[in-house]
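Have the model open in your viewer and the sequence beside it. We'll start at one spot, then step back and take in the rest.

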Amino acid sequence: MRKVAFIPARYGATRFPGKLLALLKGKSVIVRTYESVVNTGLFDEVMVVCDGREIYDEVISHGGKAVISKREHESGSDRIAEAVEDMDADIVVNVQGDEPFTSRKPLELLLSVFEGEEGENVKVASLMQKLTDPESAENPNFVKVVVDNNFNSLLFSRSPIPYHRDKTIPVTYYEHIGVYAFRKQTLMDFTSWPQTPLEKAEKIECLRYLEHGIPLKMVLTSYMGVEIDTPEDLDRAAKML
């Protein structure tokens, strides 16, 4: 299988504009993310897909590969689909541009679900981790996911799911990590569908798959580091480095 990784990168961000160009110990967030993905050694090609010259020039100036989208897009998946449409690829991985601590093991586990006889039925896969802080389950910035006994996604929400009604029964909350792997054709199908009601309400793009009857195979992983959403996240990431 030919495996490629794309990093969708948008300059504007509601909570932290220009965050991908913010410096993290001397290197921008987007360059650290790109280098982390390349250094996994898992992909035949790694490319940043951006919406303008600022990020494009930053990646190219550090020896990376990048392309500027030709059209406006609603989601990172749509942006990647445009870039991969004419490319030879079997599995396409979407790594968020604000994940500078991306490492090999989680991505290796993610790719492994497409292998073997059972993997032939997997169309989309993604990562999740256990939420250990009860406050995080209540925080809408943490997208939660519930799964069936085979780790197929049942629902994604910004609300705490499942609702912990019976306090005598322990509940495990899982946070959805926005790293996806698609079969190329499934990704192209995704972009041909209009946004769905749950997707619009929750602002969670992977709900579009569920609303078309396609579950995501979820892969449980350990903590992946810090996702840079706010200036405070940048400070935490610097301390980790």
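**Starting at a proline**

Let's begin at Pro 162, which is in contact with Val 146, Val 171, Thr 172 and Tyr 173, leaving aside its neighbours within four places in sequence. Keep in mind that this is a predicted model. Pro 162 lies in the loop between β9 (153-157) and β10. Is this proline buried or exposed, or something in between? Pro 162 has a relative accessibility of 33%, so it counts as partly exposed, since that class covers values between 20% and 50%. What joins Ile 161 to Pro 162 is a cis peptide bond, with omega at about 0°. That deserves a second look, because most peptide bonds are trans. For a sense of distance, try Gly 63: Pro 162 and Gly 63 are 99 residues apart in sequence, and their C-alpha atoms are 45 Å apart in space.

Now zoom out. How many helices and strands does the protein have? The secondary structure comes to 10 helices and 11 strands. The radius of gyration is 17 Å, close to the 18 Å that the globule rule gives for 241 residues, so the protein is as compact as a globular protein of that length. Measured out along its principal axes, the C-alpha trace spans about 55 × 40 × 30 Å. Buried residues account for 54% of the 241 residues. If you take the contacts between residues at least 6 apart in sequence, 66% of them join residues at least 24 apart.

On the outside, the accessible surface comes to about 12200 Å², and 48% of that belongs to carbon and sulfur atoms. As for charge, there are 29 positive and 38 negative side chains, and the centres of the two sets lie 2 Å apart.

Next, the inside. The largest nonpolar core has 39 residues, and the members that touch the most others are Ile 30, Phe 43, Val 48 and Val 93. Which helix gives the most to this core? That is helix α1 (residues 29-39), with 5 residues. Apart from this core lies another one, of 30 residues, including Met 128, Phe 156, Phe 182 and Leu 207.

Click on Val 93 to see how one core residue is surrounded. Not counting residues up to four places away in sequence, Val 93 touches Val 4, Ala 5, Phe 6, Phe 43, Leu 107, Leu 111, Val 179, Tyr 180 and Ala 181.

Just before Val 179 in the sequence is Gly 178, which is found in strand β10. With a relative accessible area of 17%, Gly 178 is buried, because the cut-off for buried is under 20%. Its contacts, again not counting residues up to four places away in sequence, are Asn 94 and Gln 96. Between the C-alpha atoms of Gly 178 and Leu 111 there are 15 Å, and the two residues are 67 apart along the chain.

Helix α7 (residues 184-192) is a good next stop. Which of its residues are buried? They are Lys 184, Thr 186, Leu 187, Met 188 and Phe 190. The cover over them includes α3, β6 (91-94), β7 (124-130), β10 (174-183) and α9 (207-210).

Another buried residue to look up is Ser 136, in helix α6 (residues 134-138). Its relative accessibility is 9%, so it counts as buried. Beyond its neighbours within four places in sequence, Ser 136 is in contact with Leu 131, Phe 142 and Lys 144.

Now for some loops. Lys 70 is found in the loop between β5 (66-68) and α3 (76-84). Is Lys 70 buried or exposed? At 76% relative accessibility, Lys 70 counts as exposed. The C-alpha atoms of Lys 70 and Gly 52 are separated by 9.6 Å, with their positions 18 residues apart along the chain.

Two more loop residues stand out by their backbone angles. Most residues other than glycine have a negative phi. Lys 25, which is not a glycine, has a positive phi of about 55°. You'll find Lys 25 in the loop between β2 (23-24) and β3 (27-28), and with a relative accessible area of 56% it is exposed. Phe 151 also has a positive phi, near 65°. Phe 151 has its place in the loop between β8 (144-147) and β9, and at 33% relative accessibility it counts as partly exposed.

Terms used. Residues are numbered from 1 along each chain as its sequence is written. This is a predicted model: local features need pLDDT of at least 70, side-chain atom pairs count only at pLDDT 80 or more; totals for chains, interfaces and linings use all residues. Side-chain values use heavy atoms; hydrogens and water are left out. Helices (H or I, at least four residues) and strands (E, at least two) are DSSP runs, numbered from the N terminus. The radius of gyration is taken over C-alpha atoms; the globule rule is 2.2 Å times the number of residues to the power 0.38. Buried means under 20% relative accessible area, exposed over 50%, partly exposed in between (1.4 Å probe, protein chains only). Contact means heavy atoms within 4.5 Å. Accessible areas come from the Shrake-Rupley method with a 1.4 Å probe; for residues, only the protein chains shown count as cover. Lys and Arg count as positive and Asp and Glu as negative; His and the chain ends are not counted. The place of a charge is taken as NZ of Lys, CZ of Arg, CG of Asp or CD of Glu. A nonpolar core is a set of buried Ala, Val, Leu, Ile, Met, Phe, Trp, Tyr and Cys residues joined through side-chain atoms within 4.5 Å.
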